[in-house]
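Here's a walk through one model, written for someone who would rather have cut-offs than adjectives. Keep the viewer open as you read.

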Amino acid sequence: MHKIAMLLIASLSFSLASCGQGDFLHADKAVVNLSPVDDHPSAGYMNLHGGPVDVALVGVTSDDVLRMEMHETTESGGMASMAKLKEIPVPSGETVKLEPGGKHLMIWGVGAGSRKRGLLKMTLIFSNDDRIEIDAVIKNPSEAAPAAE
């Protein structure tokens, strides 16, 4: 009986060790940089890590904001412009960075409760109907808040 238990433990350990980061869809390093001007939107950044299948981020919600949109900054002819996105593709096993100068969240009206806690709870909605809750660290305008690494 002891040998069977040891074999099962070894098998389980091997199975767990073979699980890589690309085995499940997840997000990390979420940050919200508050705007220094109250009426202007804040910006949200994070890393999205693709799981076993290709998906797209199709929405982001939070109960403690007025509005949140996905955007992308692009440059053409030396001029930067920003466009609203309907989705952000997240290929299987790859990392997509939401960062300054690229894809990011525009967030209007971050609530006082979240500001006080220093965290904004967000729900990420994907094309395969997966939903992931994540807490984004809120950075005040006076704090240097780097993009997701």
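## Strand pairing

Strand 9 and strand 10 (residues 131-139) are paired antiparallel through 7 bridges. Two strands count as paired here if DSSP finds at least two bridges between them. One of those contacts has L124 with I132 as its bridge partner in strand 10. The hairpin made by strand 9 and strand 10 has 4 residues between the strands, and D129 takes a positive phi near 75° there.

Before going on, some bookkeeping: this is a predicted model, with local features needing pLDDT of at least 70 and side-chain atom pairs counting only at pLDDT 80 or more, while totals for chains, interfaces and linings use all residues. Residues are numbered from 1 along each chain as its sequence is written, and side-chain values use heavy atoms, with hydrogens and water left out.

Strand 9 also has a partner in strand 3 (residues 55-61): the two run antiparallel and are joined by 4 bridges. In that pairing, L57 has F126 of strand 9 as its bridge partner. How many of the 8 residues of strand 9 are buried? In strand 9 (residues 119-126), 6 of the 8 are buried, so this strand is largely enclosed by the rest of the structure. Buried means under 20% relative accessible area, exposed means over 50%, and partly exposed is in between (1.4 Å probe, protein chains only).

## The chain as a whole

The chain has 2 helices and 10 strands. Helices (H or I, at least four residues) and strands (E, at least two) are DSSP runs, numbered from the N terminus. Reading from the N terminus, the order is α-β-β-β-β-β-β-β-β-α-β-β.

Of the chain's 149 residues, 38% count as buried. Take the contacts (heavy atoms within 4.5 Å) between residues at least 6 apart in sequence: 66% of them join residues at least 24 apart. About 9200 Å² of the chain is exposed, and carbon and sulfur atoms supply 56% of that. These areas come from the Shrake-Rupley method with a 1.4 Å probe; for residues, only the protein chains shown count as cover.

## Charges

A salt bridge here is a side-chain nitrogen of Lys or Arg within 4 Å of a carboxyl oxygen of Asp or Glu. By that rule the count is 4 salt bridges, including these:

| Pair | Closest N to O distance |
|---|---|
| E69 and R67 | 3.1 Å |
| E69 and K84 | 3.7 Å |
| K103 and E72 | 3.2 Å |

R67, E69 and K84 are linked in a network of salt bridges. The burial of its members is worth a look: E69 counts as buried because its relative accessibility is 14%, R67 is partly exposed at 43%, and K84 counts as exposed at 58%. The E69 and K84 pair links distant parts of the chain, with E69 in strand 4 (residues 67-76) and K84 in strand 5 (residues 79-84), 15 residues apart.

Now for K103 and E72, which are joined by a salt bridge. That pair links distant parts of the chain too: K103 sits in strand 8 (residues 103-108) and E72 in strand 4, 31 residues apart. K103 counts as partly exposed, with 23% relative accessibility, and E72 is partly exposed with a relative accessible area of 23%.

R67 has another role in the picture, lying over the face of W108 at 3.8 Å from the ring centre. The test for a charge over a ring is NZ of Lys or CZ of Arg within 6 Å of the ring centre and within 35 degrees of the ring normal.

## Two residues to click on

Is K86 buried or exposed? K86 is exposed, with a relative accessible area of 78%, and lies in the loop between strand 5 and strand 6 (88-90). Leaving aside neighbours within four places in sequence, K86 is in contact with L57, V58 and M70. K86 and V58 are 28 residues apart in sequence, yet their C-alpha atoms are 6.3 Å apart in space.

S114, in helix 2 (residues 112-117), counts as buried at 1% relative accessibility. Not counting residues up to four places away in sequence, S114 touches D64, L119, L120 and I138.
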